[in-house]
Amino acid sequence: MTHCHLAKLPHGQLRGFVSALACLLLLVAVQVCAKDISVKEAADLVQNPPQGLTIVDVRTPAEFREGHLAGAVNMDFFGASFDSQILTLPKDKPILLYCRSGNRSAGAYDAMTKEGLTNILHMNQGINAWQQSGLPLQK
C-alpha cells in the first residue's frame, strides 16, 4: 500500500505546492518554444521569414547604424525604454533576437520571456558570427 504524503499537508501548503508545480510546468512550456539558433538558421529565416517575424537587434543605436540584419528594429538593451519597447512586441509571433556576441541578447531573452513572449529565436553567436560568415548587413 502506498501513502500520499501530500494528503497530510495543511491546505495552505498543498495550495502552495500546486502553485509552484504549475509555475514549473509553465516555465518548461515557455522553454520549448524559445530556442537558440545558429547564424545559418537565422540567415534562412531572414531569406524566408515566417509570417509576422520581427527581427530585434538589442545593440546600441551607434552599433545598429554600423550595420544590422535587413528589416531589424533597434531596441537598445541598455536604453531606458527597453522594458516598455518589449511590451509592444506581439506575443504570438516569432521574434529573431540578436546582439553583437550573444550576451546582451541573452539578457533580453530573459526579459522578454518574463513578459510572456514565447516564440523567440535567439541567434546566440551574434552579429559578429554573422559577419564572419560573410553574410550581408544593411546600413
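Is H122 buried or exposed? In this predicted model, H122 counts as buried, because its relative accessibility is 5% and burial requires a value under 20%. The residue belongs to strand β5. Its side chain engages the side chain of S105 in a polar contact of 2.7 Å. Beyond the residues up to four places away in sequence, H122 touches K35, D36, I37, L97, G102, S105, A106 and Y109.

The strand that holds H122, β5, takes part in an open sheet of five strands. The strand order is β1-β5-β4-β2-β3, and the pairing is parallel. Strands β1 and β3 (73-74) form the edges, each being paired on one side only. Between strand β2 (residues 54-57) and β4, the parallel pairing extends over four bridges. I55 has L96 of β4 as its bridge partner.

Helix α2 spans residues 39-47, and its buried residues are V39, A42, A43 and L45. These residues lie on the same side of α2, because the arc that they cover around the axis is only 160 degrees. The exposed residues K40 and Q47 are carried by the face of α2 that is turned away from this buried side. The cover over the buried residues of the helix includes three strands, β1 (35-37), β4 (95-98) and β5 (120-123), together with helix α6 (126-132).

The largest nonpolar core comprises 17 residues. Within this core, the residues with the most contacts are I55, L69, L96, Y98, M123 and W130. Two or more residues are contributed by each of the elements α2, β4, β5 and α6. Helix α2 provides the largest share, namely four residues. For I55, the contacts outside its neighbours within four places in sequence are V46, L69, A70, G71, A72, V73, L96 and Y98. L96 thus appears both among these contacts and as the bridge partner of I55 in the sheet. A further core of 15 residues lies apart from the largest one, and its members include V58, C99, L117 and I120.

Helix α6 also contains G126. This glycine is buried, its relative accessible area being 0%. Although G126 and C99 are 27 residues apart along the chain, their C-alpha atoms are separated by 5.1 Å. When neighbours within four places in sequence are set aside, G126 is in contact with V39, C99, R100, S101 and G102. One of these contacts, V39, is among the buried residues of α2. Another, G102, is also touched by H122.

With regard to aromatic packing, two aromatic pairs are found in a search of the whole structure. The rings of F77 and F82 have centres 5.3 Å apart and planes at 80 degrees, so their pair is edge-to-face. The two residues fall into separate accessibility classes: F77 counts as partly exposed, at 25% relative accessibility, whereas F82 counts as buried, at 3% relative accessibility. Together with F78, these residues form one aromatic cluster.

Methods: Residues numbered from 1 in each chain as written. Predicted model: local features only at pLDDT ≥ 70, side-chain atom pairs only at ≥ 80, totals over all residues. Heavy atoms only, no water. Buried < 20%, exposed > 50% of the residue type's maximum accessible area, 1.4 Å probe, protein only. Arc of directions from axis to C-beta. Contact = heavy atoms within 4.5 Å. Core = buried A, V, L, I, M, F, W, Y, C linked by side-chain atoms within 4.5 Å. Phe/Tyr/Trp six-rings, centres within 6.5 Å; stacked < 30°, edge-to-face > 60°. Polar contact = N/O pair within 3.5 Å; in protein donor to acceptor, adjacent residues only side chain to side chain. Pairing = 2+ DSSP bridges.
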